[in-house]
Amino acid sequence: MEAAMGLMRRMPPRHSETALSALLSLLPHNSSDLLSQVDLPLQVLSDDDSGKRFILCEYNRDADSYRSPWSNKYHPRLEDAPYPSSKLRQLEIEANDIFTVYCDQYYEGGISSVYMWEDDNEGFVACFLKDGSKTGQGRRGYLEEGTWDAIHVIEVGPEEETTRYCLTSTVMLSLTTDDVSSGTFSLSGSIRRQMNMNLPVADGHLCNMGKMIEEMEGKLRNSLDQVYFGKTREMVCTLRPPSEVLPMRLPDS
C-alpha cells in the first residue's frame, strides 16, 4: 500500500485515473483505502433542476449517484440517500455562493462546488472544489490548454469560543503549449499540504475557512512556481543554454 501511494504521488494527474485502475486490479483488498486517499482530476455533471454544473467527487457520492450542491438532489435519483442537516445545508448554500465569487475574482471563472456533512465528533467537514479547465486557443501566449484542479477539505471541530480547523489541500496542475518554433510542451503535477489553526467562532465558520483557503492557495501557487516552473526552467537552460549566454568561440587561425 505504501509503494502504491508513493507511485500515485509521482504520477502525472492526467495519467492518475489509468494508474489507479491498474492498482485496484492488483490490490483489490486495498480498494477502499486507495479510493479514499487518491485524488483524481475533477469531473463535472449538469444539474437539470438548477441549470448549473457541479463537480463530482467522493465527498458527494453515494453508490453511483452524486448530490448537487445547487438543488440538493442526487443524480441519478437515489432513495434513502444521506443529506446534511437543515442548519448545515444553509451554511453549504452560502458557501457555494461565496466560493463562486472567489473563483471568479481569482481564476476568472471555472466551476466550483462546496459540500458539507456532519462527522462523528460533533463537528462537520467541508469540501471546497475548483475545476479550472480552460482552453487557451492562443489568447495567453502559447498556452493551448491548462487545468487547475483544487480540492480543499476542512475538518471543523465542535463549536466553542475557539474552534480547531484542519485543512488538507491538493492542487493538480497541467498545461500544454504549442508553438511552431518550440514545438509542443506538456507540464503536469500535483501538490498536497496541510494546515491547522484555532480560530474564534465569532468571526463565522465561512470567514475562518475562507481565510485559510486563500492563504493556502497562495502558498501552493508559490510552491508550484518554484518546484515545477523553476526547476523546469533550470533544467532546460542547462541542457539548451540560450544563444546569448553561450561562450564565444574564436575562429580557427
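Which side chains meet in a salt bridge at 2.8 Å, N to O? Select arginine 67 and glutamate 92, whose side chains form that contact. Here a salt bridge is a side-chain nitrogen of Lys or Arg within 4 Å of a carboxyl oxygen of Asp or Glu.

Before continuing, note that this is a predicted model, in which local features need pLDDT of at least 70 and side-chain atom pairs count only at pLDDT 80 or more, while totals for chains, interfaces and linings use all residues. Residues are numbered from 1 along each chain as its sequence is written, and side-chain values use heavy atoms, with hydrogens and water left out.

**First stop: the salt bridges**

Remain at the opening pair. Arginine 67 lies in strand E4 and glutamate 92 in helix H4, so the contact ties together parts that are 25 residues apart in sequence. Helices (H or I, at least four residues) and strands (E, at least two) are DSSP runs, numbered from the N terminus. Arginine 67 and glutamate 92 are both buried; buried means under 20% relative accessible area, exposed over 50%, and partly exposed in between (1.4 Å probe, protein chains only). Add Arg89 to the selection to display a network of salt bridges linking Arg67, Arg89 and Glu92. The structure has 6 salt bridges by this rule.

Next, select lysine 73 and aspartate 49, another salt bridge, with the closest N and O atoms 3.8 Å apart. Lysine 73 is in the loop between strand E4 (65-67) and strand E5 (74-75), and aspartate 49 is in the loop between strand E1 (43-47) and strand E2 (52-56), so this pair ties together parts 24 residues apart in sequence. Lysine 73 counts as partly exposed because its relative accessibility is 43%.

Then move to arginine 77 and glutamate 79, a salt bridge with its closest N and O atoms 3.7 Å apart. Arginine 77 counts as exposed, at 74% relative accessibility, and glutamate 79 is exposed as well, at 57%.

**Second stop: the rings**

Select phenylalanine 99 and phenylalanine 128. The structure holds 6 aromatic pairs, and these two residues form one that is edge-to-face, with 5.3 Å centre to centre and 75 degrees between the planes. Rings of Phe, Tyr and Trp (its six-membered ring) pair if their centres lie within 6.5 Å; planes under 30 degrees apart count as stacked, over 60 as edge-to-face and the rest as tilted. Phenylalanine 99 belongs to helix H4 (residues 86-107) and phenylalanine 128 to strand E7 (residues 124-131), 29 residues apart. Both phenylalanine 99 and phenylalanine 128 are buried. Extend the selection to Tyr102 and Tyr106, which ring pairs link with Phe99 and Phe128 into a cluster.

**Third stop: strands E6 and E7**

Select residues 111-118, strand E6; 6 of its 8 residues are buried, so the strand is largely enclosed by the rest of the structure. Now add E7, which runs antiparallel to E6 and is joined to E6 by 8 bridges. Two strands pair if DSSP finds at least two bridges between them. Isoleucine 111 stands opposite aspartate 131 in E7. E6 and E7 form a hairpin with 5 residues between them, and glutamate 122 in the turn has a positive phi of about 65 degrees.

**Last stop: helix H5**

Finally, select residues 205-239, which make up helix H5. Its buried residues include His205, Met212 and Leu224. Centre the view on glycine 230 to find a kink of about 30 degrees in H5; the bend at a residue is the angle between axes fitted to the seven residues ending there and the seven starting there.

Key. Expected span 1.5 Å × (residues − 1).
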